[in-house]
Amino acid sequence: MTETDNLLFSALTMNPAALHLDAEYSKGHPLWGADREQRIHARPHGGLSVYDTTYGTTLGNLGWEEVRFPRPVLIGDTLHVTTTVVSKRESQSRQDSGVVVFEQRAWNQRDEEVASCRRAALMMKGRRRERRAADGAAALAAVRSR
């Protein structure tokens with residue numbers, strides 16, 4: 001996570017909180033303590049997992065539950081994410097799709113959990129999904145080769 005990542009996310013979400021944008025203020029924050037660096041506003045654990053899990057196959061996100069941020073993300077942190085399918089069911093209104101609930105968890109380079117959530121999404125199924133998943137795998141390979 002870079003300072004630019006943080007600035008872009010803060011600007012996009014229109015969140016000017018000093019905790020995320022002012023390193024001096026952040027160091028003196030009563031919750032995190034004077035010995036800590038600037039906090040990152042972005043919590044990218046959902047986005048980091050897209051290429052590995054749902055690229056091109058999500059019809060729509062239906063909601064997030066149990067969202068937790070047990071530790072701050074700091075400038076310079078390297079994050080990794082896991083996604084687990086918690087449940088799935090056929091859509092009641094669309095024959096070409098189903099509802100999948102994912103549990104996503106993010107850790108920093110010290111293997112400290114920094115974020116978790118459950119996300120429900122309306123997902124494609126069948127051959128259409130298989131084609132999109134293959135496109136996602138190709139896109140991921142292209143990104144990783146850069």
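The following is a conversation between a visitor and a guide about a predicted model.

Visitor: What should be known about the numbering and the side-chain values?

Guide: Residues are numbered from 1 along each chain as its sequence is written, and side-chain values use heavy atoms, with hydrogens and water left out. The model is predicted, with local features needing pLDDT of at least 70 and side-chain atom pairs counting only at pLDDT 80 or more, while totals for chains, interfaces and linings use all residues.

Visitor: In what order do the 4 strands of the open sheet stand?

Guide: Strands here are DSSP runs (E, at least two residues), numbered from the N terminus, and two of them pair if DSSP finds at least two bridges between them. The pairing in this open sheet is antiparallel, and the 4 strands follow the order S1-S4-S3-S2.

Visitor: Which strands are the edge strands, each pairing on one side only?

Guide: An edge strand of this sheet pairs on one side only. This applies to strand S1 (58–68) and strand S2 (80–90).

Visitor: By how many degrees are neighbouring strands of this sheet turned against each other on average?

Guide: The axes are lines fitted to C-alpha atoms, and angles run from 0 to 180 degrees between N-to-C directions. With direction ignored, the average for neighbouring strands of this sheet is 20°.

Visitor: How many bridges join S3 to S4?

Guide: S1 and strand S4 (residues 113–124) pair in the antiparallel sense over 7 bridges, with Thr-58 standing opposite Met-123 in S4. S2 and S3 also run antiparallel, joined by 10 bridges, and there Ser-87 stands opposite Val-101 in S3. Val-101 has a bridge partner in S4 as well, namely Ala-120. The antiparallel strands S3 and S4 are joined by 11 bridges.

Visitor: Which residue in the turn of the S3 and S4 hairpin has a positive phi?

Guide: S2 and S3 form a hairpin with 6 residues between them, whereas the hairpin of S3 and S4 has 5 residues between its strands. In the turn of the latter, a positive phi of about 60° belongs to Asp-111.

Visitor: Why is S3 described as largely enclosed by the rest of the structure?

Guide: A residue is called buried under 20% relative accessible area, exposed over 50% and partly exposed in between (1.4 Å probe, protein chains only). S3 is largely enclosed by the rest of the structure because the buried residues number 9 of the 11.

Visitor: Which residues are linked with Arg-110 in a network of salt bridges?

Guide: A salt bridge is a side-chain nitrogen of Lys or Arg within 4 Å of a carboxyl oxygen of Asp or Glu, and a search of the whole structure finds 8 of them. Arg-110 meets Asp-77 at 3.8 Å, N to O, a pair that links the loop between S3 and S4 to the loop between S1 and S2, 33 residues apart. Arg-110 also meets Glu-112, at 3.2 Å, N to O. The residues linked with Arg-110 in the network are Arg-71, Asp-77 and Glu-112.

Visitor: Is Asp-77 buried or exposed?

Guide: Its salt-bridge partner Arg-110 is partly exposed, with a relative accessible area of 42%, and Glu-112 is partly exposed too, with 25%. Asp-77, with a relative accessible area of 3%, is buried.

Visitor: Which residue forms a salt bridge with Glu-103?

Guide: The closest N and O atoms of this pair are 3.9 Å apart, one residue being Glu-103 and the other Arg-118. Glu-103 lies in strand S3 and its partner in strand S4, so the pair ties together parts that are 15 residues apart in sequence. Glu-103 is partly exposed at 26% relative accessibility, and the partner, partly exposed with a relative accessible area of 25%, is Arg-118.

Visitor: How far does the backbone nitrogen of Arg-94 lie from a polar atom of the side chain of Ser-91?

Guide: Ser-91 is found in the loop between S2 and strand S3 (97–107), and the place of Arg-94 is in the loop between S2 and S3. Ser-91 counts as buried at 14% relative accessibility, while Arg-94 counts as partly exposed at 35%. The backbone nitrogen of Arg-94 lies from a polar atom of the Ser-91 side chain at 3.0 Å.

Notes
A polar contact is a pair of N or O atoms within 3.5 Å; within protein, one must be able to donate a hydrogen and the other to accept it, and residues adjacent in sequence count only if both atoms are side-chain atoms.
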